[in-house]
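I opened my notebook today to look at one protein chain, strand by strand and helix by helix. Come along as I jot down what I looked up.

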Amino acid sequence: MMLDNLDLKLELDKKDYELQIETLMQQLRSLQKTCWEQKLPVVVVLEGWAAAGKGALVKQMVNYMDPRGFHVYPVWPPTEQEQKYPFLWRFWQKMPVKGSISFFYHSWYTRVLEDRLFGRVKAADVPLVMQQINAFERQLVDDGVAVVKFWIHLSRRELKDRLKSYASDRLLSWRVRPEDWQQAEDYQRYTSIAEDMLLQTSTGHSPWTLVEGNDQKWAQVKVLTKLATVLTTAIDNLSHQPPETSSSLQEHLYPTEPDLLAQVDLNLSLSKDEYKKQLQKQQLKLLKLQMKIHQHQLPVLVLFEGWDAAGKGGAIKRLTDVLDPRSYQVHTFSAPTDEEKAHHYLWRFWRKLPPAGTIGICDRSWYGRVLVERIEGFATETEWRRAYREINEFEAQLTTSGYVIVKIWLHISSEVQLQRFQERENNEFKEYKLTPEDWRNREQWNLYEVAVNQAIERTSTPNAPWTIIPANDKSYARVKVIETVTEAIKARLD
């Protein structure tokens, strides 16, 4: 047992403590400044027993720091609103911008610690939660975030003594929760839970540092020393990174990869009368499902991707025509803002997820990472290649949290796109839709064709499959979009 092997008798006398702590705090202040200059984001996770001194540690760590460069997040039980999202949603909101530091006083590990102790998470779900946490932290580290995690350990006697001391202090008693006493009562079981968590989530990219916490002076010096070491190493690694290269544009489909777009029958169409009849039928089905979505608190996410001028806007309009506007929201994603660029690329999409009981519609999505960002060189080859895995993990977290994900690619021929471009160019009411970027993208049609095929092939999963809809005929595409959405919702409800 890892925790049993910690020497909790380790201590530091006051003189040595004061000598070391002053030097460490000066060092951390200097490192914070360098992190800001080098745009290094840092996440510090503090976990451990109740009354282990996490609050004092946070206070000590930020004592010499510039308050404009860090945030401290004490983690409490999720609010009613937060419970309508996947459990990691609220933590994605708190990720630091590049150059800043986020301190988490408790963290996402509450899900596999206290929630597990008190039966708020099913035992069968725990391995999946740990897998999601590992993926979350790996994504952060791959994106350049320095993640530092501490577990502060106490003996059973020390834990009880501290809780009694706090409870008897008029100024500190409010800090002692019933859950803290329960930790002391179930000390051995909680130790086993913590051991399992540490074993499953101490990874090469974000290992745990175990801290002997019986002596608070010793614990503070060990934590601050480790934090300074990690930051120094991370900053040093930044200066030794090879220059990033843009994406590889000359990649072709491998022989084993099917040309999915070529298999689509673009001649499918509907007559005017049949279109009106089918559109009304499918919209009525969707309207009826809207009430069930609310009743069952089902979150629905519909992604629209496709060629420029493929008819995404018109399809979205017909999809939402009959819906109560309070029950859905449409998000249009274009180039990321400066604030969004200062975070992991998935950050801005986590922020726009629909809560349970509503429909979220995305005009463009996170697939830009493996499409436009890949082709235009906005993402390095390393970044877009690892994005397939990151996207699959992201969508898996959503579907395991109950989301219905509908991913639609609207497909048109190059000839039809040119025709629509020319129509827009000659129509004063539509010319605003046509931009120089659209013409530039068209010149790279063959490159996009490869990227689209690979994106669909590598991210179409059983719970989040792609549907390629022929859209040379807008009427057919609009009806097929609504039918695809209603069938996915019905399948989940059934």
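**Entry 1: a strand in the middle**

Are the residues on the two faces of β4 buried or exposed? I kept in mind that this is a predicted model, then went through the strand one face at a time. On one side I found Ala146, Val148, Phe150 and Ile152, and on the other Val147, Lys149, Trp151 and His153; all of them are buried. That fits a rule I had just learned: side chains in a regular strand alternate between the two faces of the sheet. Buried here means under 20% relative accessible area. Eight of the eight residues of β4 (residues 146–153) pass that test, so the strand is largely enclosed by the rest of the structure.

**Entry 2: the neighbours of β4**

Next I looked up which strands sit beside β4. Strand β1 (residues 42–48) pairs with β4 in the parallel sense, over seven bridges. I noted two of the matches: Val42 stands opposite Ala146, and Val44 stands opposite Val148. Strand β5 (residues 208–212) also pairs with β4 in the parallel sense, here over five bridges. In that pairing Lys149 stands opposite Trp208. I reminded myself that strands of a sheet pair through backbone hydrogen bonds.

**Entry 3: the sheet around it**

Then I stepped back to the whole sheet. Five strands form an open sheet in the order β2-β3-β1-β4-β5, with parallel pairing. Why do β2 (70–74) and β5 each have one side without a neighbour in the sheet? They stand at the edges and each has a single partner strand, so one side of each is left free of a neighbour in the sheet. From one strand to the next, the twist averages 20°. Helix α8 (residues 187–201) packs on this sheet and touches β4 and β5, and its direction makes about 160° with that of β4.

**Entry 4: another open sheet**

I found another open sheet of five strands, in the order β7-β8-β6-β9-β10, and its pairing is parallel. Its edges are β7 (328–332) and β10 (466–470); each has a single partner strand, so one side of each is left without a neighbour in the sheet. Here the twist averages 20° from one strand to the next. I checked one pairing in detail: β7 and strand β8 (residues 359–363) run parallel and are joined by five bridges. Gln329 has Gly360 in β8 as its bridge partner. Helix α19 (residues 474–493) lies across β6 (300–306), β9 (404–411) and β10, running at about 160° to β9.

**Entry 5: the nonpolar core**

Which residues touch the most other members of the largest nonpolar core? Of its 148 residues, they are Trp108, Trp151, Val302, Phe304 and Leu410. Helix α9 (residues 216–239) gives the largest share of this core, nine residues. I followed Leu410 further: leaving aside neighbours within four places in sequence, its contacts include Phe304, Trp307, Ile469, Ala477 and Val481.

**Entry 6: a helix with a bend**

Last, I tried some helix arithmetic on α15 (residues 381–400). At 1.5 Å a residue, its 20 residues should span 28 Å, and the end C-alpha atoms are 29 Å apart, which agrees. Where does α15 bend? The bend is at Ala387, by about 35°. After α15 comes Gly402, whose phi is positive, near 105°.

How values were computed: Residues are numbered from 1 along each chain as its sequence is written. This is a predicted model: local features need pLDDT of at least 70, side-chain atom pairs count only at pLDDT 80 or more; totals for chains, interfaces and linings use all residues. Side-chain values use heavy atoms; hydrogens and water are left out. Buried means under 20% relative accessible area, exposed over 50%, partly exposed in between (1.4 Å probe, protein chains only). Helices (H or I, at least four residues) and strands (E, at least two) are DSSP runs, numbered from the N terminus. Two strands pair if DSSP finds at least two bridges between them. Axes are lines fitted to C-alpha atoms, for helices over the stretch in contact, and angles run from 0 to 180 degrees between N-to-C directions. Contact means heavy atoms within 4.5 Å. A nonpolar core is a set of buried Ala, Val, Leu, Ile, Met, Phe, Trp, Tyr and Cys residues joined through side-chain atoms within 4.5 Å. The expected span of a helix is 1.5 Å times one less than its number of residues. The bend at a residue is the angle between axes fitted to the seven residues ending there and the seven starting there.
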